[in-house]
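Student: I have a structure open and would like to learn how to read it. Could we go through it feature by feature?

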Amino acid sequence: MCIVPRHFTQVQKLLILRRANYKCQGCGTSLDAKNFEADHKKAYSQGGATEAWNAQALCRNCNRRKSDKPQQP
Ligand SMILES: [Zn+2]
């Protein structure tokens, strides 16, 4: 059984960030090292791969909003 990594590597993150032109793909705000977060397009919990093609660049706000789903107990 192979273990799929949950988090993107620094190299992957850089690629994702550059591919998105250093802009948040949710709201278009400029991204820098402080507010950039790599997000799984298909959620890791749903079998989404931790690969650059399954990633999008989001700012911290968008990523938080996205994960703010009402699924907490
Ligand atoms: Zn955003």
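Student: Where is threonine 9 found?

Tutor: Threonine 9 lies in the segment before helix H1, which spans 10-19. Keep in mind that this is a predicted model.

Student: Is threonine 9 buried or exposed?

Tutor: To decide, count the C-beta atoms around a residue; 12 or fewer within 10 Å make it exposed. Threonine 9 has 12 C-beta neighbours inside 10 Å, so it counts as exposed.

Student: Which threonine is paired with threonine 9 in a C-alpha distance, and what is the separation?

Tutor: That residue is threonine 50, 41 residues apart from threonine 9 along the chain, and their C-alpha atoms are separated by 9.1 Å. Proline 5 offers a similar exercise. Proline 5 is also placed in the segment before H1, and it counts as exposed because it has 11 C-beta neighbours inside 10 Å. Its C-alpha atom is 9.3 Å from that of tyrosine 44, 39 residues apart along the chain.

Student: How much of the contact pattern in the protein comes from residues far apart in sequence?

Tutor: Take the contacts with a separation of 6 or more: 57% of them are between residues 24 or more positions apart.

Student: What is the secondary structure of the protein, and which pattern does it follow along the sequence?

Tutor: There are 2 helices and 2 strands. Read along the sequence, the pattern is α-β-β-α.

Student: In which sense do S1 and S2 pair?

Tutor: They pair in the antiparallel sense, over 5 bridges. To follow the pairing on the model, find phenylalanine 36, which stands opposite cysteine 59 in S2.

Student: What should I look for in the loop between H1 and S1?

Tutor: Look at the backbone angle phi. Asparagine 21, found in that loop, has a positive phi of about 55° although it is not a glycine. Tyrosine 22, in the loop between H1 and S1 as well, has a positive phi near 60° and is likewise a residue other than glycine.

Student: How does burial come out for asparagine 21 and for tyrosine 22?

Tutor: Apply the neighbour count again. Asparagine 21 has 11 other C-beta atoms within 10 Å, so it is exposed. Tyrosine 22 has 13, so it is partly exposed.

Student: Which residues make up the largest nonpolar core?

Tutor: Begin with the general idea: in soluble globular proteins, nonpolar side chains tend to be buried together. Here the largest nonpolar core has 11 residues, among them Phe8, Ile16, Leu31, Phe36 and Cys62. Strand S1 (36-40) and strand S2 (55-59) each supply at least two residues of this core. The largest share, 4 residues, comes from S2.

Student: How many residues of S2 are buried, and what share of the protein is buried?

Tutor: In S2, 4 of the 5 residues are buried, so the strand is mostly covered. Buried residues make up 19% of the 73 residues in the protein.

Student: What does alanine 55 touch?

Tutor: Leaving out residues up to four places away in sequence, alanine 55 touches Phe8, Gln12, Ile16, Ala38, Asp39, His40 and Lys41. Of these, the core includes Phe8, Ile16 and Ala38.

Student: What is the mean pLDDT of the protein, and which element has the lowest mean value?

Tutor: The general caution is that where pLDDT is low, the predicted coordinates should not be read in detail. The mean for this protein is 90, and 89% of its residues reach 70 or more. Among the elements, helix H2 (residues 60-66) has the lowest mean pLDDT, 92, and S2 the highest, 97.

Conventions: Residues are numbered from 1 along each chain as its sequence is written. This is a predicted model: local features need pLDDT of at least 70, side-chain atom pairs count only at pLDDT 80 or more; totals for chains, interfaces and linings use all residues. A nonpolar core is a set of buried Ala, Val, Leu, Ile, Met, Phe, Trp, Tyr and Cys residues joined through C-beta atoms within 7 Å. A residue is buried if 20 or more other C-beta atoms lie within 10 Å of its own, exposed if 12 or fewer, and partly exposed in between; C-beta atoms are placed from the backbone. Two residues are in contact if their C-beta atoms, placed from the backbone, lie within 7 Å. Two strands pair if DSSP finds at least two bridges between them. pLDDT is the predictor's confidence in each residue, from 0 to 100.
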